[in-house]
Amino acid sequence: MRDGQPNPVTRLADYQPPAFLVPDTRLDVDLRDGETRVTAHLKLERNPARADRPDELVLDGDHLDLRSVVLDGRELAPGDDYRLDGPRLIIPGVPEAFSLTTEVRIEPEKNTALEGLYRSNGMYCTQCEAEGFRRITFFPDRPDVLSRFTTTIHADKGAYPLLLSNGNPVDAGDEADGRHFATWEDPFPKPCYLFALVAGDLACLADTFTTASGRDVALRLYAEHRDLDKLDHAMDSLKRSMAWDEKVFGREYDLDIFQIVAVSHFNMGAMENKGLNIFNTSCVLAHPATTTDAGFERVESVVAHEYFHNWSGNRVTCRDWFQLSLKEGFTVFRDQEFSSDMNSRAVVRVENVDFLVNHQFPEDQGPMAHPVRPAEYQKIDNFYTLTVYEKGAEIVRMQSQLLGAEDFRRATDLYFERFDGQAVTCDDFVACMEQVSGLDLAQFKRWYAQAGTPVLTVEDEYVDGEYRLTFEQHTPPTPGQPDKAPLMVPVKLALLDGEGRALPLDDQGRTETVVILREARETRAFPVPARPTPSLLRGFSAPVSLRYDFDERQLNTLLAHDSDGFCRWDAAQRLYFAALARVVDGGETPADQVARLTPVIEQVIARADEDPAQAALLLTLPTENAVGDRHTPLHPQRVHAAVSGLRAALGEALADAWWRLAEGLRESDYQGDGAAMGRRRLRQVALGYLAAAAGAGQVDPEPLVAHLSATLAAPTCMTEELGALRALVHNRLPGHDAALKAFGERWKDEPLVMDQWFGVQATVPGADTVDRAEALLAHPAFEWTLPNRVRAVIATLVNANPSAFHAPDGSGYRLFARALKKLDGINPQIAARLANGGARLKRLEPGLAQQLGDALRDLRPGASANLAEVLDRILDA
Ligand SMILES: [Zn+2]
């Protein structure tokens, strides 16, 4: 907790290698409810890489009750032989190489922070990244200390029949008093953040995978017994991930067994502990009756992501936490590529870009803006951000494009071979790219160091048979970085003629080229017969904000004819943003926009059966947050009125077309393939427009209510069921209360479905939803200690319901502040992450900014280090 002192700051520039290495770690964990003992036997030796040879051993610890310290067989005395400095254990005058045994007592049952060892629904489990291991035992808790772990777990056999840790199982047996033990040995040296332990009574889905070199790997997925039927999709995703990583990156799995455990109380999505991944239930359990299509896609991508970490993260790990994107950016890139190969590449790319542009770009423009490789932090937990993950993935993607597929593969092979078993940096990664390709990427590396979204302004002219494009790049100032240097920006482009055909750009007739920008301002010329429509930043070739003054005719051309999925989607988005801007700032009405947008939408609908999922993306209006981020100062209610008004107006104007889609795409039986998911997605978009029009009283609600009620009475799957519920509830259509009640009753024993039920209610547009959210917090099924439930109510209200969160009377802010205060005492990581919902403070119109600022300022005294860092950035920016 904070005592008026500023939090200590950790800086990349201060990095020093560890003073001591720990080649061997033997843990003995004696689990007893109320009294757990951890005995750690460490072999330590001085690190030759550390020139200043400190003679003190400093070990990290947190919430540990130290019982004994034994060095080379001699029990040390407190005070004389060792001391505790805050949470750290300090032993002066240690030899060059020695063994150290410590015994601590810990209380996993009281650990609501969900870091280290804790209890969740009657089982013990761990989460050590980034700094949780220090809550289990004293250790140099930093990623560049790699150790070989052997772990023995003892527990009551009846309550905890299953005892798991990293690596391969080597021993097990019964002990006195109905207890038993198991020993696991991990032959691969790893940092302690990859340590994991599980003890519980769980059901298992078992399978095997034969690697390319012919080794059989046992696959085990564990969940609560009632969830055994929800593991098939994760197992299938895992086997496809293993095969894909062999084929695409040449990476084979290395242990005899790979295990995933589903845990209900979990701060993150999932964790890649060596050989024993621990997952939030929401990222592993899937069944058509209880999981939406989006949930299925998430399971597939998270299973792949964590599995891929076995090489990009575990075999080759990070030197320090500033290099987090080394493993996360690269692994997100790898999971995006996997999803693209498993599904429609064009659709996955648009989904990824949509997420980046509408979530990471705002982070870059707000008080939390930081480089992909930050220069300093107070709490590393606060830097598990979209910038590190998503923008980090774009930086790897740009390198893969610059090198081309073959060289990129050679470069990643080199990276994995050269650094196997080591803790390295982003520079080491880029050096492999340079060595293989011969490219000079010194300027490119600014992408890692410079925060903020570059703005790329493009101007054009057509003179004497030559089309000239002038590119100007500028990265706005961000906290701590007032001046920015030009970046290396790959811009993939094509030029379309009046009929929308791509023009040849060189002698070989190629119609697409990549311009690599290096200067603040550059001009390129293309000899073409007439002024073309530029198709810019194809495939979203760089994470920049593109400014080009497209006219409506050009956007219609791109939307109708461009072969690039991103550019089509971007054209549609620009048309929607322009229409909404005319309403928000221009004094026009939503109805005024209908005539201009209708032909565009009709054209997309006419081609919808070519790719229903892509059509769904093209027909989806920007979110209120995305629209709001384009208007300063931000008036959330005005934006809400514009977006909901436009949706209702389009719903009314195109009601017949929406009905044809909704009816035509209705399924009689559930199908789980990608094509069926695309059709369901498009049907939900159509129903969304109809429901908006019905809710606004612009069409008769009766036929729609009948349709939705029929779906709810006999849904083919959760996507359909939840979609119908949301349409009724969000638009307050007749019968919505009864539908909510019935849904809640039907699914009361399925926590992940109940999260959706809470979420639907927390996202009902309108200021009165704050009262509804207050009531949800008092609901018997609401648990402050369950992060998924907290996210379902509070995070969705704050991040996905601007018209409620920014209620004019400030009630949304007061609820937000009360929730943060309460959560900070339970789980500071979750509180800090949630606090980022206040990041738009300085963009709000003055009346709201004042109220939000007041609510947040009240939280500062006594805030945890995690929460304080975020509050300080928001309030002081
Ligand atoms: Zn990851």
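Is His 640 buried or exposed? His 640 is buried, because its relative accessible area is 15%, where buried means under 20%, exposed over 50% and partly exposed in between, computed with a 1.4 Å probe on protein chains only.

## Basis of the model

This is a predicted model, in which local features need pLDDT of at least 70 and side-chain atom pairs count only at pLDDT 80 or more, while totals for chains, interfaces and linings use all residues. Residues are numbered from 1 along each chain as its sequence is written, and side-chain values use heavy atoms, with hydrogens and water left out.

## The zinc site

The zinc ion has as its protein donors His 305 (NE2), His 309 (NE2), Glu 328 (OE) and Glu 328 (OE), at 2.0 to 2.7 Å from the ion; donors are N, O and S atoms within 2.8 Å of the metal (3.2 Å for Na, K and Ca), and since water is not among the atoms, sites may look incomplete. The arrangement is irregular because the four donor atoms subtend angles of 53 to 153° around the zinc ion, whereas four donors count as tetrahedral if all angles lie between 85 and 135 degrees, and four count as square planar and six as octahedral if opposite donors are over 155 degrees apart and all others between 65 and 115, anything else being irregular.

Along the sequence, the donor residues follow the spacing H-x3-H-x18-E. His 309, in the loop between H2 and strand E22 (316-318), and Glu 328, in helix H3 (residues 324-342), are 19 residues apart and link distant parts of the chain, with helices (H or I, at least four residues) and strands (E, at least two) taken as DSSP runs numbered from the N terminus. Both His 309 and Glu 328 are buried.

## Surroundings of His 640 and Gln 399

His 640 lies in helix H14 (residues 636-653). Not counting residues up to four places away in sequence, His 640 touches Glu 624, Gly 645, Pro 765 and Ser 803, a contact meaning heavy atoms within 4.5 Å. Glu 624 is 16 residues from His 640 along the chain, and their C-alpha atoms are separated by 6.1 Å.

Gln 399 belongs to helix H5 (residues 386-403) and counts as buried because its relative accessibility is 0%. Leaving aside neighbours within four places in sequence, Gln 399 is in contact with Phe 408, Phe 429, Val 430, Met 433, Leu 441, Phe 444 and Tyr 448.
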